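Subject: Structure for your review

Dear colleague,

Please find below the structure that I am handing over to you. I would be grateful if you could read the notes that follow alongside it.

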Amino acid sequence: MGDYHITRCKILPTFNQLVHFCTLAEVGHVGRAAEKLNMSQPPLSRQIALLESTVSVMLFERGAKGVSLTLAGEQFLQDAREIINLMHQANKNAQAIAAGQSGILTLGSTMYASYSVVPHIARQHKITQPEIELRLQEMIPSDLKKALLDGTIDAAISFANTTTPTLNSMTLLQELLLAALPKHHPCAGVERLSLDQLAHDDFIMVPREIAPTLHDSIVTKCRQAGFSPKIGLEVFTQQSAVNFVAHDFGVALIPASMQYAPVNGVIYKQLEDAPYIQNVLMWSTKNKNTCLKSFLALCRDFSHGQGSKE
């Protein structure tokens, strides 16, 4: 092994100190942070004091009710999180290379995507990349973007979202929205529904902050039909929306894939001039997981195959 030299200018914070610091910054209370870290309070306090001494900067303001970050502490938190994420990523990359390009890829998705594209892509991945473990995590759309940016997941499938310079995206599938109605709804016998026939119904919808693209698509289409939807209930998932339709809380516009998860008491109707919603794959440009390249290639093949069916 060749010789190498490390320039030592001063003592640097340890990895554990960075973890302790981030935990305290997130919790804002030494006692609760110590409990979360499964340690007692005095050692945590000593580690934080040693960290501040090492960086020669006060990172926290101490108060009677807890601690808060100083301006320097806010910047240090941002950098510390990046260092921790890079350390985790370095560990994952080393494991993948040592195992001959095998490894782990974590895919986050909305619960709805489990009825549309995720099963098809997961099955194809298992066939073509058996040496790579695909881990699936279901999240609400707003959490998927955060998980991508902090490195918790490697890729995400969700509704189209606002663009971010550090995120790439690829449309996998677009499908129509259907109307989900209670089985005794006055329009239950209508073969093809006009959206304005639902103008006086309560709508069950996902809040805009959770899925802005889906929410805006529904609101825009209703306004084009001559009315603003009266939101009777907000839920976090399409599955919950359908369940509340079954209990006669109102109507919902849902992606067509959801009709393959039948719920007693709900009927699905095609809409005239129905809006489309997209299933989009997203990934971070900073992600260094060596397993991601083959996964993206698989998803491109899937996307092209869907396009050929249109």
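The notes below concern the salt bridges of this structure, which is a predicted model.

A search of the whole structure finds six salt bridges. Three of the pairs are described here, including their places in the chain and the exposure of each partner.

Arg 62 pairs with Glu 52, and their closest N and O atoms are 3.0 Å apart. Since Arg 62 belongs to strand S1 (residues 60-63) and Glu 52 to helix H3 (residues 41-55), the salt bridge ties together parts that are 10 residues apart in sequence. Glu 52 is buried, at 12% relative accessibility, whereas Arg 62 is partly exposed, with a relative accessible area of 49%.

A salt bridge also joins the side chains of Asp 202 and Lys 230, at 3.2 Å from N to O. Here two strands are linked: Asp 202 is in S8 (residues 202-205) and Lys 230 is in S9 (residues 230-234), with their positions 28 residues apart in the chain. Asp 202 is partly exposed at 28%, and Lys 230 is partly exposed at 48%.

Lys 221 and Asp 273 form a further salt bridge, with an N to O distance of 3.2 Å. Lys 221 sits in helix H7 (residues 212-224) and Asp 273 in the loop between strand S11 (266-271) and strand S12 (276-284), so this pair connects parts 52 residues apart in sequence. Lys 221 is buried, with a relative accessible area of 17%, while Asp 273 is exposed, at 63%.

Yours sincerely,

A colleague

Key: Residues are numbered from 1 along each chain as its sequence is written. This is a predicted model: local features need pLDDT of at least 70, side-chain atom pairs count only at pLDDT 80 or more; totals for chains, interfaces and linings use all residues. Side-chain values use heavy atoms; hydrogens and water are left out. A salt bridge is a side-chain nitrogen of Lys or Arg within 4 Å of a carboxyl oxygen of Asp or Glu. Helices (H or I, at least four residues) and strands (E, at least two) are DSSP runs, numbered from the N terminus. Buried means under 20% relative accessible area, exposed over 50%, partly exposed in between (1.4 Å probe, protein chains only).
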